[in-house]
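Me: I'm new to reading protein models and would like a close look at a single part of this one. Could you walk me through it slowly, in plain language?

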Number of protein chains: 2
Amino acid sequence: MTWQQLTDEQQQEVQRQLHIIKRGAADIVPEEALKQKVMKAVVSGIPLKVKLGLDPSAPDIHIGHTVVLQKLRQFQDLGHEVQLIIGDFTGRIGDPTGKSETRKQLSEEDVQRNAQTYQTQLTKILDLSKTTFYYNSAWLGELKFDDVLKLAGKVTVARMLERDDFAKRYAANQPIHVHEFFYPLMQGYDSVSLETDIELGGTDQTFNILMGRTLQGAYEMKEGQVAIMMPLLEGLDGVQKMSKSLRNYIGIDEHSNDIFGKTMSIPDTLMLKYYELTTTLSHTDLQELRQGLEEGTIHPRDAKMKLAKSYVSMYHGAQAADEAEQHFITVFQKKALPGEIEEQLLRVNLLEEGQISIIQLLVALDLQASNGEARRSVEQGAVKINEQKIAAIHAKITPMDGDIVQVGKRKFVRLKLS
Amino acid sequence: MTWQQLTDEQQQEVQRQLHIIKRGAADIVPEEALKQKVMKAVVSGIPLKVKLGLDPSAPDIHIGHTVVLQKLRQFQDLGHEVQLIIGDFTGRIGDPTGKSETRKQLSEEDVQRNAQTYQTQLTKILDLSKTTFYYNSAWLGELKFDDVLKLAGKVTVARMLERDDFAKRYAANQPIHVHEFFYPLMQGYDSVSLETDIELGGTDQTFNILMGRTLQGAYEMKEGQVAIMMPLLEGLDGVQKMSKSLRNYIGIDEHSNDIFGKTMSIPDTLMLKYYELTTTLSHTDLQELRQGLEEGTIHPRDAKMKLAKSYVSMYHGAQAADEAEQHFITVFQKKALPGEIEEQLLRVNLLEEGQISIIQLLVALDLQASNGEARRSVEQGAVKINEQKIAAIHAKITPMDGDIVQVGKRKFVRLKLS
């Protein structure tokens with residue numbers, strides 16, 4: 001299909017769609033194929049099939065995940081259809097060597113429960129009427145040994161060892177088990193099976209998504225899928241990729257005060273990136289915001305409050321957003337302590353000559369789960385008693401009834417000796 | 001089980017068996033495990049399961065193959081049982097990339113026919129009453145994707161790339177397709193499935209056979225199989241491994257005169273190796289022969305005649321052996337031309353001014369299949385006309401009725417112009 005065959009209206013529609021699709025994307029491979037696919041969809045009226053694979057073991061969605069989810073939503077708003085793959089086949093296998101902690105074997109019930117959680121969480125971002133959920137065991141579970149060999153025959157060992165993590169581990173003499181080669185092959189085969197037009201993922205998924213394109217070609221589909229890689233979002237620390245294990249994330253199911261407070265803690269420099277990739281702000285509004293910040297007519301704190309509020313609004317509704325904002329203003333902006341502080345008992349038999357170490361105190365009050373965590377928060381200057389910072393990890397405290405013990409910006413207790 | 005637990009008789013029997021089993025073997029891994037297995041068999045009376053994998057695509061057995069087959073026969077004579085695996089699963093898959101000539105896809109009928117040919121040929125060496133044929137599709141064909149992943153999870157990519165041919169190809173940037181890793185895994189899984197005690201193969205099979213031992217361990221069998229590697233037999237050229245593709249072989253189904261003649265052409269230095277590895281000559285007789293040759297009381301030619309005769313006798317019977325010997329003596333030892341030489345017509349219109357090139361002549365008379373072959377045999381000095389060597393490849397010949405054209409020691413025609 002050539003550009004000239006399209007009517008003016010169709011051409012405009014294709015350009016409108018491409019503009020939205022490309023917004024924020026880190027890489028599109030191959031870009032020309034994307035244009036072809038959108039042209040066909042516009043002319044034929046047949047929606048594109050846009051795929052995202054979901055990890056069946058971790059259905060706890062955070063703002064980092066929403067980068068691709070928002071892009072999917074944009075596709076839906078353009079009239080296209082979303083294929084969400086629950087990787088239950090992979091999940092049910094786990095790691096056959098039993099050595100990997102990230103590949104725990106999931107039961108049928110785990111998978112079902114996780115899928116349910118996904119649906120509940122995703123309904124806040126996606127249009128579920130244009131979303132189909134698939135379990136990849138439906139096709140992968142049916143493959144027999146000869147099918148698997150055929151699949152494995154489509155790629156070379158050298159190509160596999162080009163994948164970043166494999167390359168590093170191979171060079172460092174760390175074991176790569178042969179079955180690990182099949183994770184990208186399975187992901188790619190999902191695209192073969194579902195005749196996917198476009199697959200989305202983070203830039204760390206580039207290898208796996210391009211494998212889908214390769215395999216579709218090898219299984220003689222006319223045109224392979226287009227890979228759209230979205231940027232990885234830095235977490236609260238502003239440096240590393242947002243992830244649960246790094247504890248630098250904002251979970252969409254977290255308490256609205258936490259979502260709000262955490263959002264307020266992201267570095268100013270990342271704010272526009274968060275806006276662009278994880279909100280539904282229009283291109284024009286985003287340009288205005290950018291300009292306002294540059295010219296100083298918008299204060300970064302106000303912009304960040306708006307971002308925080310919009311997250312709470314998206315994931316807990318407008319009322320919760322108003323309340324979280326109020327809470328934040330009261331507690332932090334006015335530098336006052338929150339109106340209602342929970343009272344917490346401290347057993348006096350923990351005291352030695354009326355004293356207790358700060359570490360022990362934090363753990364005893366359940367403000368921290370472990371000595372290690374307590375030590376880190378003291379070292380980071382996050383601990384205050386009666387608004388007085390306690391920064392020495394060996395500090396001894398003489399606790400009194402009514403003392404306010406505080407960790408970070410959002411955890412408080414009022415102490416009562418018992 | 002310890003050595004001391006055996007009776008004197010049992011100890012003697014174990015030693016007798018080990019002596020026979022080890023004879024001629026290039027390597028046994030691990031040797032101590034072999035002793036344990038034989039001890040158990042002797043004490044329990046339960047025969048060992050000794051496995052050999054057969055290539056389903058090439059059922060044309062030559063003397064090189066008989067090295068492992070004779071060892072299997074020795075096991076049978078010691079009371080053990082032989083598992084012959086027809087690799088029909090591998091054969092039916094062929095090479096999924098379609099790039100390998102050696103992995104042609106075989107039909108069900110091909111596999112059946114080849115298996116039949118194996119049976120016919122093997123009956124000349126093995127005791128079929130102690131031999132069980134297996135088709136490995138019986139278990140490999142039943143594996144599903146998750147079983148395959150479990151299998152692949154037992155080994156690392158690095159271990160695979162240690163296999164000689166993989167290492168070389170990887171280093172040379174030649175493609176290795178991922179499915180190729182499964183050939184050793186399948187061979188190993190055969191041993192898991194059949195609970196093999198001992199697997200035999202040539203030294204070039206070391207990697208694959210040890211894979212069986214690894215996999216049995218990984219599938220939690222108490223003790224892995226023992227690998228017995230037999231030496232590779234050099235072919236007629238005395239240098240390269242005997243193989244069909246190098247045309248340096250003696251096929252057991254060849255004409256008895258060819259078997260006899262080819263055997264007479266092996267280098268004297270290899271004769272004892274052939275005797276040891278491919279005949280049933282006893283250890284004592286072999287020692288006598290070795291001594292006789294060293295002391296000059298036995299002429300090498302006589303020893304080789306005996307070897308040639310024993311091959312013909314094994315594979316075509318005693319009468320054929322006598323006749324082949326007589327033929328050889330008449331034709332070659334007496335340096336006479338054979339009594340009956342076939343007459344072959346040569347069309348005069350191939351002549352230019354009464355002449356024809358030697359290459360063209362050999363091809364026209366069907367003495368050689370191609371110009372290339374004809375050229376090589378002239379270069380090697382194998383071509384004679386009327387007992388006169390023709391060594392120049394550009395030689396022009398003036399053929400006459402009744403000329404005797406000879407290639408090598410066994411091909412003759414009497415020429416007739418037509």
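In which sense do strand 7 of chain A and strand 13 of chain A pair, and over how many bridges? Please start there, and then show me what surrounds that part in the rest of the chain.

Reply: Happy to. One thing to keep in mind is that this is a predicted model. Now to your pair: strand 7 of chain A and strand 13 (residues 411-417) of chain A run in the parallel sense, and four bridges link them. If you want a spot to click on, try A:Leu345, whose bridge partner in strand 13 of chain A is A:Lys416.

Next, zoom out a little. Your two strands belong to an open sheet of five strands in chain A, and reading across it gives the order 7-13-12-9-10. The pairing in that sheet is mixed. Strand 7 (343-346) and strand 10 (388-389) of chain A sit at the edges, and each has a single partner strand, so one side of each is left without a neighbour in the sheet. For strand 7 of chain A, the parallel partner is the strand 13 you asked about.

It helps to set this beside another strand of the chain. Take strand 5 (residues 198-202) of chain A: five of its five residues are buried, so this strand is largely enclosed by the rest of the structure. Buried here means under 20% relative accessible area. Strand 5 of chain A pairs with strand 6 (residues 226-230) of chain A, again in the parallel sense, over five bridges. In that pairing, A:Leu200 stands opposite A:Ile228 of strand 6. Strand 5 of chain A is also joined to strand 2 (residues 49-54) of chain A, by two bridges, and those two run parallel as well. There, A:Val50 has A:Ile198 as its bridge partner.

How does the chain get from strand 5 to strand 6? Look for helix 11 (residues 206-218) of chain A: together with strand 5 and strand 6 of chain A, helix 11 makes a right-handed β-α-β unit.

Carry on past strand 6 and you come to a loop, between strand 6 and helix 12 (256-264) of chain A, where A:Lys244 is found. A:Lys244 is partly exposed, with a relative accessible area of 44%. An unreviewed UniProt entry has a "binding site" annotation that covers A:Lys244.

There is a bit of enclosed space to find too. The structure holds two cavities of 30 Å³ or more, and the second largest has about 50 Å³ of space. Among the residues lining that second largest cavity are A:Arg23, A:Gln70 and A:Met230. Helix 3 (66-77) and helix 13 (271-278) of chain A are the elements that each give two or more residues to this lining, and helix 3 of chain A gives the most, with four. By class, the lining of the second largest cavity has three nonpolar, three polar and three charged residues.

Finally, step right back to see the whole chain. Chain A has 18 helices and 13 strands. Its C-alpha atoms fill a box of roughly 80 × 55 × 40 Å along the principal axes. Of the 418 residues of chain A, 49% count as buried. To get your bearings again, return to A:Leu345 and A:Lys416, the bridge partners in your strand pair.

Notes: Residues numbered from 1 in each chain as written. Chains lettered and ligands numbered in written order. Predicted model: local features only at pLDDT ≥ 70, side-chain atom pairs only at ≥ 80, totals over all residues. Heavy atoms only, no water. 1 Å grid on protein atoms, 1.4 Å probe; cavity = no way out; pocket = protein on both sides within 12 Å on 5 of 7 lines; lining within 4 Å. Points joined across faces, edges and corners; volume = space filled by probe spheres on them. Nonpolar A, V, L, I, M, F, W, Y, C, P; charged D, E, K, R; others polar. Buried < 20%, exposed > 50% of the residue type's maximum accessible area, 1.4 Å probe, protein only. Pairing = 2+ DSSP bridges. Right-handed = clockwise from strand over helix to strand, strands pointing away. UniProt positions renumbered as here; feature names shortened; annotations may be inferred.
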